[in-house]
Amino acid sequence: MKTNIFLQYLIFTLLLIGSYSCQKDFLNIEPTNEVPAETTWQDGPLAEAFVTGIYNQYLGVGGFTEEMLASFSDEAVFTHTGRNINTINEGSASPSNVGFVPASYEWQNMFNGIRAANLTLEKLASPLIDTALANRLKGEAHFLRAFFYQQLLRYYGGVPLITKTYGLDEDYSSTRNTYEECVNFVVADCDTAAWLINDKEMAKGRTNLLAALALKSRILLYAASDLHYLPVATTKFPELGSHPKPELFGYAGGNRAERWQRAKQAAQVALDLGPIYKAGYKLNLATPVSAENGKLNYMSIAMGGYSKAEGMDETAGDEIIWGRYYNLNVNTGAGVSIGQYNGPNGYHNWAGNTPIGIFVDDFEMNDGTAFSWSNATHKAAPYKNRDPRFYATVLYDGADWKPRDLVSGNVDPANQIQTGKYDLIQGGSKITFNGLDTRSSSIEDWNGSRTGYYMRKFIDPDPKIAEANTKQLIPWPFIRYTEVVFNFIEASLELGEEAPARTWLNRIRFRSGMPEIPATETGAALKNRYRNEKELK
Amino acid sequence: MIELEPMASSMDEVVVVGYGTQKKVTLTGAVADVKGSELAKTPTLNLTNSLAGRLPGITALNGSGEPGYDGSTIRIRGTNSLGNSSALIVIDGVPDREGGMERLNPNDIESMSVLKDASAAIYGSRAANGVILITTKRGKSGKPMLSYTFNQGWAQPTVIPKLTDAVEYGTLRNELAIYESSVPPAQWKTAYDALINTGTYTNPDNNAVINSPTGFFPEDMQKYRDGSDPWGHPNTDWFDATFKNWSPQSRHYVQLSGGSENVKYLGSIGYQNQDAYYKNSATGYKQYDLRLNLDAKINKYMSLQLGIAGREEFRAFPTDGAGEIFRMLMRGKPNEPAIWPNGMPGRDIEYGQNPVVITTNQTGYDNDKRDYIQTTGRLEILIPGVEGLKLTGTAAVDKYFKNQKRFETPWYLYSWDKTSYEADGVTPKLTKELRSPFTDPRLNQWTENTLNINLSGLLNYDKTFGAHSVNFLAGVQRETEDYEGFNAFRRYFLSNAIDVMSVGGDLEKNNGGGSYRRARLSYFGRVGYNYEQKYLFEFLWRYDGSYIFPPNKRFGFFPGVTAGWRISEEKFFKDNVNFVNNLKIRGSWGQMGAEPYFGGVLAEYQFISSYPFTNYVLSDAVVQALYEARVANQDFTWEIGTNTNIGLDAAFLNNRLSVELDYFYNQRDRALIAETGLVPQSSGISNKLPPTNKGKMSNRGGEFKISWSDNVGEVTYSLGINGGYAKNKVLYSSEPAGVPEWQRSTGKPYGTSGYTIVAYQYDGVFKNQADIDANTIDYSALTNNLRPGDMKLKDYNQDGKITGDDMVALDKTRDPLFTGGFNGSLSYRNFDFSFMFQGATGGMLFFGTESGDIGNYLQYSFDNRWTVDNESSVDPRITSRNNQYYTDFAKAGRNTYFLRSSNYLRLKNVELGYAVNMPKSLREVISNVRVFANGQNIFTWDKMKLWDPEATSTNGQYYPQSRIFNVGATVTF
């Protein structure tokens, strides 16, 4: 009897448990803040959002990061130690320490971007969304893939060309393709992108047809250059000759003139489309503007139409073919903090990337002659009568800059950069005063410039923006129209077509208030002039 | 039967185990337990800080003393997994309650048990790291008893890092000026003497001049030394300027309990208030808690338990976090004023951060309120007709609200240009500067709420048939958690006086939020059998399902067996051995699970292919975008912890001496790791890898606990010593391709901090140029210019070069291998006294401060560094931040010179109490008064000698642990 009741209760309990089990479904939970992959590719706006995401995830904030590429080269040094940049500058990179790699060149980041582009192309191969939209998105994916590969190619040489999306537990091994194969791949992607993107009114921040053509022009120009022509390159870098696979880094042979021709044609196509796409800024001048206007024009171009400072021309934003734009609702650090990262310590900024002397010296005098320390007049007043672009690019000792009292109290009524030591009379006796923007400053000396110069070019000069506590919106130009112009000039020069090259070089100089290049200047001299122009850009 | 000693372990003593209680004598698992009254002896306001030294095998490391975030990291038998090693915490039978155990009032706690071995298997999927069971107090029948306890404590940091003063710092800066110049080492001595004496040195080789750094010329140094110029040449101790001597904390507690045969009740109300070390502190912690536990016997068959606990935790902070504050305290230069002689705040160190100001409400506030309402209802039905059969239904409904409000206001500091004076010509003229990194007030608000519902049904059968006792339990449990969060932001408020979201400016306003649901379903049970309480056997199991895993791998089965033999109950033993009162050997084996954590975050939805949101700026507007965050894995399941334990319990000499010994071996298989080592980055998925069941590690060790208690005349005393040792070893982790064997984690220990430490091997210092000339190892990957005072490193792979390949995976981690406690208590007449020493050994901690032109140096560096006058072969030359290879983490900064033993022994806890003799006339009203004084972390012996040895901070930039002195009284009515 007892056992019987026991059994009854046991059965009751088991039933109870059973009723719980029926609710097993309740263990199926989907994330509320995510969209199922399947849904994404069946829905136009969602598929578009995925492609939009590629721009954000793998291009970061563009080049406006704290450590900038200039500091990896002979243009600037990075003030703060411990960033692993000197590993690159000193040439001591090794497999166990590759040095600092900027996010927009970083191997993993780029291949993640390539995967996202490949995924888009895979999912939209037989689109379940509107065909026109699908084509445009595929075009963007082709462009982005080309851009990522182009970044990799610049930093590492030939890399594995991957066009599939890997799953788990696959064979992931791959071999690096040659430089030439990579170039061809990027060109093909640019062509496809240009073909698929018909929309003339692409949103600012997305790529567009002109950007695809400009990117093609860039990669073809690099491909044609000495740097990637092994017979020449190996004479400059003997290590390249002993590399087991030099074809990762350039062409062993082929017709160089043909490559230059291709580069020129690609540039020409993009150049010609410029007016249709309203690209470019004041490139139609026949005479130089005044020095003051030249400086303003140049500043306006760097500001990309996003500075409220006096004299800035919003239409200069047309220079940017494809850029990264910012919004203070979502951008708070990198991207919008270039002023804080690079501005003078006397303004409580960090002086990260600081121009070095040899770069500063490359700015011509405003009459078009070269600057030289051996010229007594130049030496006596090195910052006088220079190329107007100098004043828009570099902060130097005595340069007029923003009011300091916005953050530092009334320590500098003149609002000028102080990178020197000054003899002052104080209480009747002479004292040595260390400038506020030096490493002996009374303000945050550990952040002072080691070169005596500060970057100015991309810092919003709007006096209302005190970089230490206010952010700026200056966009990062991934590709500028002027680059296409330069590509055209360079390819033309290499092909010996100096007349069109000279015309365009002068146009670039005129808008900045610089005089025409003397007609007598040809050949190597003209090439050097071109190189100097491009460096300063 | 044995005659029981009054103070010794009683035959009837019970221990709370999973879904029930067991007599201690028949317990077969490795279970440590402690009474709530023991925990209440510690004057800390965070329960986790009361555990160290009291429970063998439990490590509690207190990493910070910051009010509101001063808890200890608890590990049961060390680190057991490559993923998550946190124990499961069960409060009144309900696992994983929001808020955990930290803020429970110790006076409310009846007992705490820790299941260290397979006895935890009944908690299945979350039990592999051990389980802590906390049971709150319930009423006892009798007249209503009211008690009130008051505590007033004072806290101070256990250690304030010792930093250099202005003269010492100036000396170091002069040295740096030489090291950073082009002056060759051969001239360093001359140059140093020149700078110190004249402030300038000219290199005869090239006539290059170097000067003392600004503010550190000989005349400046003289002023720091003699204090003659407090405005221009102060000598600041930033900690001293920011801290007060003692920070008060108080605790009030009222408890009412009583009841009849049928209804029992216990209610309590608590309040605590804790101040921070800062003067005018914005930081503080306040808590209000209440608890009501009711027990009702409804009839012969039915009884009901109800428990309601409510708590508000109020954490107040300034707008800069402790990390920022302590970064600035560690950096603050001793020659800069924290406060001007006229009382105005001095300049910031950086970003407007002057610790004297940013620790106060001058920068706004960050108030974090968390409210908990936790209810537990339990109905027990004794099934009529079947003796020993019981059905229990439990429902726990927990609600949690969080409301955080962070209002940042611009602040001002004062600077002096050292040249301007007030009209009187002598008083320096200060300039007021806006120094906050923003210019307008801004408000952030977050709200969160969760609802946890935990329902369970239990069927229990307990019966003794003659010599055979059986126990049977089967149950089912269903858990859900629903979360919703919302936040908003506005700036451009009209004034600092307005902190109301709705009236903020319209520009850049923002909001966000999210929600999720979590669900688990479990079946579990236990079968126990014993013969004459002599042969003990138990089988436990759980069949667990969680939403975390893919549908086909969702459920896991977790079995455990434990067995014991009480030798002392055998006739042959009883007849022959009379000084042994109890002798039991026991063993256990079980398999338990653990859920996947990556970087401390529960890895949810890893089998679902879906895209989270991001955003991008298009045509000046922010648009929503999607991205791929992971590659879904359809094929992963629970980690399996196979835990084996053997133990021995013994009592001797009329139970005066008792001994518990345990040895364990835990193996964790199928540990959830990402196979990063096998997937190259070119795959495009190397950082989107889902968890896979590939990791493997082992952990072995043991515990002991020896207690002695006796009385001598009127003195009753007890002494106890306990300790636990655990050492783990990675058996498989995803090693990156091409990593040399000696840098692999495999075979090495794994720390709570989540990694095996890989470091260069320090090998002394280049004393002088002769030492460098004798060097044959190539340092060119680190520096092309070795100089005296540079650090020597071991060429581990003996290839003649120091490269990254010379780094070695170390045999120790931050976690101690051994932790233990020694405690004693004594009572004599009205006095009672107790103490506890606690220690830990076998852990290591890196140290490296942000020193140089950017901030102050440790006194240790000053006292021991290599200099031209002290050619040390042990301590290197000072560096500015990380500007030398041996301090640069990108180079060889991670080396064993900067690794210190964190061994320590501390007088953790002392309490002295006195029961006041009440005059007869008062006894009617007040039955009992006890006054007491106690303290926490009173004295420490350690090897680190930089900051507190329990710290996990490597740079001293953290809120230090507390030493607390406390007095209090309990009045019982």
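Across all chains of this predicted model, a search of the whole structure turns up 91 salt bridges. One of them sits within chain A, where A:Arg256 pairs with A:Asp226 and the closest N and O atoms are 2.9 Å apart. A:Arg256 belongs to helix H11 (residues 256–273) of chain A, while A:Asp226 is in the loop between helix H8 (209–224) and helix H9 (230–236), so this pair ties together parts that are 30 residues apart in sequence. Side chains of opposite charge can pair in this way when their charged atoms come close.

Salt bridges also turn up between the chains. The interface of chain B and chain A has 8 of them by the rule used. Among the salt bridges in the model is one between the side chains of B:Lys891 and A:Glu90, with an N to O distance of 3.9 Å. Polar contacts cross this interface too, with 32 residue pairs found, both residues being at pLDDT 80 or more. As for where chain B does its touching, the elements that give two or more residues to the side facing chain A are all strands of chain B: S18 (389–408), S20 (431–434), S21 (442–465), S22 (468–491), S23 (510–531), S24 (535–546), S29 (610–618) and S30 (621–626). Sorted by type, the residues on that side of chain B come out as 46 nonpolar, 33 polar and 26 charged.

How much surface goes into this meeting of chains? The size of an interface is often given as the accessible area lost when the parts come together. Here the area buried between chain B and chain A is about 8,100 Å², with carbon and sulfur atoms giving 56% of it. Three residues, B:Tyr611, B:Tyr616 and B:Leu626, supply 9% of what chain B buries against chain A, more than any other three residues. Counted by contacts, 105 residues of chain B meet 94 residues of chain A.

The two chains also share some strand pairing. Strand S1 (residues 34–36) of chain A lines up with S29(B) in the antiparallel sense, over 3 bridges. Within this pairing, A:Val35 has B:Tyr611 as its bridge partner. B:Tyr611 is also one of the three residues named above for the area that chain B buries against chain A.

Strand S18 of chain B, already met at the interface, has pairings inside its own chain as well. With strand S17 (residues 364–382) of chain B, S18(B) runs antiparallel, joined by 19 bridges. In that pairing B:Leu379 stands opposite B:Gly393. S17(B) and S18(B) make a hairpin with 6 residues between them, and B:Gly385 in the turn has a positive phi of about 95°. S18(B) also pairs with S21(B), again in the antiparallel sense, over 20 bridges. There, B:Thr394 has B:Ser456 in S21(B) as its bridge partner.

Back toward the start of chain B, the UniProt annotation (unreviewed entry) marks residues 25–131 as "domain: TonB-dependent receptor plug". Over this stretch the chain is 4% helix and 27% strand, and its end C-alpha atoms are 20 Å apart. Chain B also has an open sheet of 5 strands, in the order S3-S8-S9-S6-S7, with mixed pairing. Its edges are strand S3 (31–35) and strand S7 (94–95), each pairing on one side only. Strand S6 (residues 88–91) and strand S9 (residues 131–136) of chain B run parallel and are joined by 4 bridges. Here B:Ile91 finds its bridge partner in B:Ile134 of S9(B).

Definitions and conventions
Residues are numbered from 1 along each chain as its sequence is written. Chains are lettered from A and ligands numbered from 1 in the order in which they are written. This is a predicted model: local features need pLDDT of at least 70, side-chain atom pairs count only at pLDDT 80 or more; totals for chains, interfaces and linings use all residues. Side-chain values use heavy atoms; hydrogens and water are left out. Contact means heavy atoms within 4.5 Å. Buried area is the accessible area (1.4 Å probe) that two parts lose on being put together, summed over both. A salt bridge is a side-chain nitrogen of Lys or Arg within 4 Å of a carboxyl oxygen of Asp or Glu. A polar contact is a pair of N or O atoms within 3.5 Å; within protein, one must be able to donate a hydrogen and the other to accept it, and residues adjacent in sequence count only if both atoms are side-chain atoms. Ala, Val, Leu, Ile, Met, Phe, Trp, Tyr, Cys and Pro count as nonpolar, Asp, Glu, Lys and Arg as charged, and the others, Gly among them, as polar. Two strands pair if DSSP finds at least two bridges between them. UniProt positions are given in the numbering used here, feature names are shortened, and annotations may be inferred rather than shown by experiment.
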